[in-house]
Amino acid sequence: MADTSDTRTPAQIEADIKRRREVLAETLDEIGVRVHPKTIVGDAKAKVVANVDHTVGRAYVQVNRVVSEVRAQFVNDQGAPRLERVVPVALVVVGVVGLLALGARRRRD
């Protein structure tokens, strides 16, 4: 059997009830703010922005890595161009641009 005796005075019980009501009121206010449509939309937007920022950051790092690797192929440790690699690539680029120019010229005629 449970002991039902309470040694608190009625004033203490009333004070406890008052404190409990204040805590419950705060909790209900917090719940009201959390489930408000503007709060939900704001939280969703913040998550999307965070994910986009994270994705963009990862893409930036990846692009930076690729650029560094490509640069290392065409520049030596002292920063001078590696002509044995630059000249063939330049010739290919000139050839492709020339072919594209000829193709565009033929379409106009």
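Which residues make the nonpolar surface patch of about 390 Å²? The patch is formed by Leu28, Ile31, Val35 and Ile40. The model discussed here is predicted, and this report proceeds from the overall fold to the patch and then to the charged side chains.

**Overall form**

Three helices and zero strands make up the secondary structure of the protein, and the order along the sequence is α-α-α. The protein is more spread out than a compact globule, because its radius of gyration is 36 Å, well over the 13 Å given by the globule rule for 109 residues. The C-alpha trace spans about 100 × 45 × 30 Å along its principal axes.

Burial was evaluated for the same chain: 1% of the 109 residues of the protein count as buried. The accessible surface amounts to about 10200 Å², and carbon and sulfur atoms account for 62% of that area.

**The nonpolar patch**

Among the residues of the patch is Leu28, which is located in helix H1, spanning residues 10-34. Leu28 counts as exposed because its relative accessibility is 58%, and the cut-off for that class is over 50%.

**Charges and salt bridges**

The protein carries 18 positive and 14 negative charges, and the mean positions of the two sets are 16 Å apart. In general, side chains of opposite charge can pair when their charged atoms come close. How many salt bridges does a search of the whole structure find? The search finds two salt bridges, listed below with the distance between the closest N and O atoms.

| Salt bridge | Closest N and O atoms |
|---|---|
| Asp16 with Arg8 | 2.4 Å |
| Asp16 with Arg19 | 2.1 Å |

Asp16 and Arg19 both belong to helix H1, where they stand three residues apart, about one turn of the helix. Through salt bridges that share partners, Arg8, Asp16 and Arg19 are joined into one network.

Are the members of this network buried, partly exposed or exposed? Asp16 has a relative accessibility of 25% and therefore counts as partly exposed. Arg8 is partly exposed at a relative accessible area of 38%, and Arg19 is partly exposed at 48%. These assignments follow because partly exposed covers the range between the buried limit, under 20%, and the exposed limit, over 50%.

**Summary**

The predicted model thus presents a protein of three helices with 1% of its residues buried. Helix H1 contains Leu28, a member of the nonpolar patch, and also holds Asp16 and Arg19, which form a salt bridge with each other.

Conventions. Residues numbered from 1 in each chain as written. Predicted model: local features only at pLDDT ≥ 70, side-chain atom pairs only at ≥ 80, totals over all residues. Heavy atoms only, no water. Helix = DSSP H or I, 4+ residues; strand = E, 2+ residues; numbered from the N terminus. Rg over C-alpha atoms; globule rule 2.2 N^0.38 Å. Buried < 20%, exposed > 50% of the residue type's maximum accessible area, 1.4 Å probe, protein only. Areas by Shrake-Rupley, 256 points an atom, 1.4 Å probe, with all protein chains shown as cover. Lys, Arg positive; Asp, Glu negative; His and termini not counted. Charge placed at Lys NZ, Arg CZ, Asp CG, Glu CD. Patch = residues over 30% accessible without salt bridge, like charges linked within 9 Å, V, L, I, M, F, W, Y side chains within 5 Å. Salt bridge = Lys/Arg side-chain N within 4 Å of Asp/Glu carboxyl O.
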